[in-house]
Amino acid sequence: MAGETIIAVVGNLTADPELRSTKNGRSVAGFTIASTPRTFDRQSNQWVDGDALFLRCTVWCDLAEHCARSLAKGMRVIAQGRLTQHSWEDEQHQKRSSMELQVDEIGPSLRYATAQVAKAQRGTAGAYGNPSSAPAGYTGGAAAGASLPPSDPWGQPQDKSASFGDFGKPESEPDF
């Protein structure tokens with residue numbers, strides 16, 4: 001939507017994501033990201049931690065389930081989403097507010113770690129998770145014997161080396 005505040009935050013998860021379901025059956029996960037700035041103090045010749053920002057985050061649907069399966073307490077993550085503010089009045093009639101990040105994209109930070117990425121099978125066949133747009137026999141990923149679109153970088157057989165740098169390249173060089 002226009003006018004929303006979009007931010008990206010890098011930090012560590014303070015706990016494992018908590019996965020729940022709404023009464024309508026939608027998955028939702030919540031977690032908190034702690035982002036602590038570090039600066040170098042030239043007088044003491046040491047790195048000094050600043051005040052930590054604790055940002056509550058919410059993710060929905062398949063992304064919520066992927067977070068619950070993939071992320072754990074202490075992991076350094078990069079999250080991007082829409083910053084929202086909630087206001088209410090407490091029992092003492094004091095006005096309160098809180099900020100929350102509605103996460104659109106999240107992943108592990110690879111600055112100090114490595115990760116193995118696997119395409120999710122549930123709800124991800126076809127273009128942007130739309131199973132009806134998938135070619136016949138295509139279930140997403142490298143299924144044995146499946147008819148894979150040639151432009152699918154995830155569809156490479158496990159024994160064939162592939163990278164996103166090869167995305168869109170013909171499988172064999174044309175003879176000229």
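Which side chain does a polar contact of 2.6 Å join to that of Gln102? Keep that one in mind while you get your bearings; this is a predicted model, and the tour comes back to Gln102 shortly.

**Stop 1: the whole chain**

Start with everything shown as a cartoon. You should be able to pick out one helix and eight strands. Walking from the N terminus, the order is β-β-β-β-β-β-α-β-β, so to speak a list you can tick off as you go. Now switch on the surface: it comes to about 12,800 Å², with 51% of that belonging to carbon and sulfur atoms. The chain has 176 residues, and 24% of them count as buried. If you like contact maps, take the contacts with a separation of 6 or more: 50% of them are between residues 24 or more positions apart.

**Stop 2: Gln102**

Select residues 95–108, which make up strand β8, and find Gln102 in that strand. Show its side chain along with that of Glu100: here is the partner from the opening question, joined to Gln102 by the 2.6 Å polar contact. Next add Trp60, whose side chain also makes a polar contact with the side chain of Gln102, this time at 3.3 Å.

Is Gln102 buried or exposed? It counts as buried, because its relative accessibility is 14% and the cut-off for buried is under 20%. To see what is around it, leave out the neighbours within four places in sequence and select Thr58, Trp60, Gly81, Arg82 and Thr84; Gln102 is in contact with each of these. Trp60 is on that list as well as being a polar partner.

**Stop 3: the β4–β5 hairpin**

Now move to residues 38–41 (strand β4) and 46–49 (strand β5), which pair in the antiparallel sense over four bridges. For one of the bridge partnerships, click on Arg38 in the hairpin and then on Asp49 in β5. The two strands form a hairpin with four residues between them. In the turn, stop at Asn45, which has a positive phi of about 60°.

**Stop 4: an aromatic pair**

Stay here and show the rings. The model has one aromatic pair: Phe40 and Trp47, arranged edge-to-face, with 5.4 Å centre to centre and 70° between the planes. Colour the two by accessibility and compare. Phe40, at 38% relative accessibility, counts as partly exposed, whereas Trp47 counts as exposed because its value is 53% and the cut-off for exposed is over 50%.

Definitions and conventions
Residues are numbered from 1 along each chain as its sequence is written. This is a predicted model: local features need pLDDT of at least 70, side-chain atom pairs count only at pLDDT 80 or more; totals for chains, interfaces and linings use all residues. Side-chain values use heavy atoms; hydrogens and water are left out. Buried means under 20% relative accessible area, exposed over 50%, partly exposed in between (1.4 Å probe, protein chains only). A polar contact is a pair of N or O atoms within 3.5 Å; within protein, one must be able to donate a hydrogen and the other to accept it, and residues adjacent in sequence count only if both atoms are side-chain atoms. Contact means heavy atoms within 4.5 Å. Accessible areas come from the Shrake-Rupley method with a 1.4 Å probe; for residues, only the protein chains shown count as cover. Rings of Phe, Tyr and Trp (its six-membered ring) pair if their centres lie within 6.5 Å; planes under 30 degrees apart count as stacked, over 60 as edge-to-face and the rest as tilted. Two strands pair if DSSP finds at least two bridges between them.
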